[in-house]
Amino acid sequence: MTTSVFQVNDMHCSACESRIRSALKNLPGVQGIKINPIRRELFIDHDADVIQTLDLFGRIENTGFTPVVGQSGSGIQNRAALKRLGVAGIAMMQVMMQALALYAGDFQGMEPAYVRLFEFTSLLFCVPVVLYSAQPFFRGATRSLRGIRRWQDWFVGLSMDVPVAIAIGIAFSASVVATLSGKGMVYYDSVVMFTFLLLLARFVDQRLSARLIASDYRSMLPERVLRISGSADELVALRDLAPGDLVRVRGGERVPADGIVQAGEAHLDESLLTGESDAVVRYGGDTALAGTINCDQAFTLRVVRKPEDSTLAGIETMATQAELDKPDFVRRTDRIAGVFIFGMLLLAVLTFVIWLNLDPSRALATTLAVLVVSCPCALALATPAVVTAALNFLRRRGVILTHGATLEKAAALGALAIDKTGTLTTGALRIDSVDLIGDLSSNAVLAIAAGLERDSRHPVASAFSHANPMRFAETQVRSTGVEGNADGHHYCIGTAEFCDIPDSAEAADRRVLWLTIDGRLLAKFRLVEELRNDTITTLKRIEKLGITTVLLSGDSENNCVPFAPYLHLEAALDPAGKLAALKKLRDTSGPVMMVGDGINDIPVLANADVAAVVMEAPNLVKSKADITLLTNHLRPILDVLQISRMARRVIKQNLFWAIAYNLTMIPLAAVGLIPPWAAALGMSLSSLLVTLNASRLGRGVA
Amino acid sequence: MEILFILVPISALLMGLAIWVFIRAVDSGQFDDLDQHALDIFEEQEEQDREHINR
């Protein structure tokens with residue numbers, strides 16, 4: 001199966017989407033269609049032997065849209081949009097000036113010859129606006145009307161462009177008739193202003209979503225890479241990298257592909273992936289991920305995966321999937337907007353008929369005002385813009401929502417259950433106890449350990465930094481331990497495996513560190529993790545949101561003791577016990593978010609209202625997750641809780657504004673209290689308002 | 001006030017000129033990337049630094 005991607009820039013409403021969908025879904029060979037309305041991308045899964053990308057292209061074109069193969073063909077589209085906007089803007093300046101003169105003339109009297117002059121020049125400037133700038137509305141409207149096959153389509157299948165195009169068309173033709181015959185009102189000012197402001201709102205919306213969305217992974221990787229071949233380095237393009245290549249990553253450069261650090265150590269800023277800006281150290285043999293920045297000296301990397309298969313690219317794909325998955329509230333407003341349009345067209349006709357009987361001279365102006373003021377653009381923009389802003393904010397903080405609907409659920413949470421103690425600690429360790437096995441004193445043992453760990457930057461090393469180090473001529477730092485020679489003895493410190501300690505329950509515990517002399521066990525250090533210094537404040541802030549935090553741990557009570565003062569503790573639980581604790585928590589505090597990562601957590605994760613897992617979790621566990629955390633910190637969880645609540649609030653504000661606006665303005669317009677130009681101004685400004693309100697999301701979140 | 005019959009067409013011509021200039025500007029691509037140029041100052045600095053070192 002192949003997936004073809006098209007950028008369809010003139011697809012901007014749910015009616016357009018369903019039109020494309022219905023044109024393609026029954027074609028032989030087409031297996032699935034996904035549409036990303038925000039990026040205006042179309043993903044078609046198809047069997048390349050039965051139907052090819054080119055055939056699909058033709059089919060989409062036949063429905064009246066202009067597809068571009070591949071993503072983001074928006075450059076040329078952008079220029080055209082800008083030109084349309086510019087022409088409408090310049091023409092608007094001129095037409096408004098003349099309109100002012102005409103209004104003044106209405107009050108003070110003006111010789112007919114001058115009235116004709118102003119009307120004709122206004123007409124001159126209105127022609128390019130209607131024929132060129134307003135084209136997208138006319139094309140959108142014809143497309144929408146051509147797509148109507150069944151009677152039901154009239155209720156749900158009409159796009160926003162239909163009332164807009166009708167309003168522009170009627171106003172312009174009525175004005176032309178008035179100008180040529182010398183009788184009646186002209187509406188050139190309303191036509192140009194309506195076109196200009198609507199184009200502006202669309203332009204801003206387009207630019208906002210383009211900026212909010214982090215572009216694809218390729219733009220975050222270097223275009224050219226220094227590949228080591230034989231003795232010399234050569235610059236090659238990113239796409240020519242293959243697994244097995246050796247690459248030199250210089251200081252300040254981004255790692256071009258997932259790979260293994262060859263020698264020495266690499267200081268990497270992984271903030272692009274994890275949102276964590278402190279550099280981490282990777283040693284020879286460790287993995288370095290594409291997109292991380294080398295903060296220190298150059299190192300050599302052996303490429304393991306091609307850039308397009310990298311973790312970074314995988315994250316992008318996941319994030320895109322979440323955008324495709326529309327939350328329920330977006331679906332609901334789409335349907336409301338669809339019904340609304342048909343209703344408004346009916347109301348406009350009704351208004352015209354009634355006013356024709358009351359006062360024929362004002363029938364046209366009133367109908368125009370109703371048509372323009374009622375366009376539910378703000379209603380349609382109210383939610384999707386907020387959802388995009390929220391998803392992108394969280395993405396930058398290292399959180400990926402796998403379903404768009406998760407945002408809705410996260411806003412209603414009442415409790416947080418954490419399984420991982422790693423979520424609360426820094427990863428830095430301190431010595432809890434020392435078990436002496438040989439005949440050396442504890443100070444002597446500490447000195448040896450400190451001497452060995454002196455040159456290591458592994459988090460474990462910091463546990464020994466307070467001791468007085470013994471002098472070693474040379475130490476070798478590996479990823480699982482350190483070895484070195486002094487006074488004719490060979491010392492090793494590290495994991496059980498590194499020090500050749502036979503398997504036991506303790507040997508598997510990575511919180512135990514072993515020290516040997518010439519292969520003989522000397523001492524055993526038990527380390528404990530230190531609380532992250534923001535953990536306590538973050539826990540307090542979560543509590544302030546009204547959320548109960550519980551640590552559901554399978555660990556023994558002892559290991560959990562450091563956390564006891566800060567949250568509720570349920571230690572030494574088996575999976576069934578965790579499940580019971582989760583249910584109890586839900587009964588007392590409301591919907592629960594569970595943070596976990598082990599296979600044994602699957603039943604608990606599946607039962608939680610929102611399941612969050614860390615990136616390193618096994619795929620089976622990740623498949624149950626609503627949220628993937630790129631770091632195992634508590635911070636991103638707080639971000640999810642805050643942003644989801646903010647998003648819910650902003651969506652409510654937007655919907656309230658859009659509905660309140662339409663409910664108050666439509667009756668006023670229908671009784672003739674709103675002139676067409678004021679209707680045009682109000683409607684386009686309210687679209688702009690909801691878009692800007694959405695872009696506000698995430699501000700003020702530290 | 002008869003002067004308006006000359007001035008208004010002249011202003012119309014000027015507007016036409018403005019539209020023509022604007023379209024040319026857009027087509028030349030100068031509005032394609034409005035964010036990149038803010039970062040250009042860093043690029044130039046690097047080049048100057050390199051020249052300085054070479055000398």
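**Salt bridges, helix packing and a surface patch**

Let me begin with a residue in chain A: Arg227(A) is buried, with a relative accessible area of 18%, and I should say at once that this is a predicted model, so that everything I describe is computed from it.

What does the side chain of Arg227(A) meet in a salt bridge? One partner is Asp245(A), at 3.1 Å from N to O, and both Arg227(A) and Asp245(A) are buried. Arg227(A) belongs to strand β5, residues 224–229 of chain A, whereas Asp245(A) sits in the loop between β6 (232–237) and β7 (246–249), so the pair ties together parts of chain A that are 18 residues apart in sequence. Arg227(A) also meets the side chain of Glu234(A) in a salt bridge, here at 3.2 Å from N to O. Glu234(A), with a relative accessibility of 31%, counts as partly exposed, because the partly exposed class runs between 20% and 50%.

Another salt bridge in chain A links Arg635(A) with Asp639(A), where the closest N and O atoms are 3.4 Å apart. Because these two residues are four apart in helix α22 of chain A, about one helical turn separates Arg635(A) from Asp639(A). Asp639(A) counts as buried, at 2% relative accessibility. To return to the earlier group, Arg227(A), Glu234(A) and Asp245(A) are joined into one network by salt bridges that share partners. Over all chains, the structure holds eight salt bridges.

I turn now to helix packing, and I stay with α22 of chain A, which spans residues 635–670 and packs with helix α13, residues 377–396 of chain A, at an angle of about 165° and with the axes 9 Å apart. How are α13(A) and α22(A) oriented to each other? Angles over 145 degrees count as roughly antiparallel, and α13(A) and α22(A) are therefore roughly antiparallel to each other. The crossing in which α13(A) passes α22(A) is right-handed.

Helix α13 of chain A also contains Ala389(A), which counts as buried at 4% relative accessibility. Ala389(A) and Ser695(A) are 306 residues apart in sequence, and their C-alpha atoms are 6.3 Å apart in space.

A further helix pair in chain A is formed by α5, residues 135–146, and α7, residues 161–181, which pack at an angle of about 125° with their axes 8 Å apart. That angle makes α5(A) oblique to α7(A), and the crossing of α5(A) and α7(A) is left-handed.

Finally, I come to chain B, which has two helices and zero strands. Of its 55 residues, 13% count as buried, and the accessible surface of chain B comes to about 4,700 Å², with 62% of that area belonging to carbon and sulfur atoms. Which residues form a nonpolar patch on the surface? They are Ile3(B), Ile6(B), Leu7(B), Ile10(B), Leu14(B), Leu17(B), Trp20(B) and Val21(B), and together they have about 790 Å² of accessible area. One of these patch residues, Ile3(B), is found in the segment before α1 (4–27) of chain B, and Ile3(B) is partly exposed, with a relative accessible area of 48%.

Conventions: Residues are numbered from 1 along each chain as its sequence is written. Chains are lettered from A and ligands numbered from 1 in the order in which they are written. This is a predicted model: local features need pLDDT of at least 70, side-chain atom pairs count only at pLDDT 80 or more; totals for chains, interfaces and linings use all residues. Side-chain values use heavy atoms; hydrogens and water are left out. Patches are made of residues with over 30% relative accessible area and no salt bridge: like charges are joined within 9 Å, nonpolar side chains (Val, Leu, Ile, Met, Phe, Trp, Tyr) within 5 Å. Accessible areas come from the Shrake-Rupley method with a 1.4 Å probe; for residues, only the protein chains shown count as cover. A salt bridge is a side-chain nitrogen of Lys or Arg within 4 Å of a carboxyl oxygen of Asp or Glu. Buried means under 20% relative accessible area, exposed over 50%, partly exposed in between (1.4 Å probe, protein chains only). Axes are lines fitted to C-alpha atoms, for helices over the stretch in contact, and angles run from 0 to 180 degrees between N-to-C directions. Angles under 35 degrees count as roughly parallel, over 145 as roughly antiparallel, 65 to 115 as roughly perpendicular and the rest as oblique. A crossing is left-handed if the near helix is turned anticlockwise from the far one by less than a right angle, and right-handed if clockwise.
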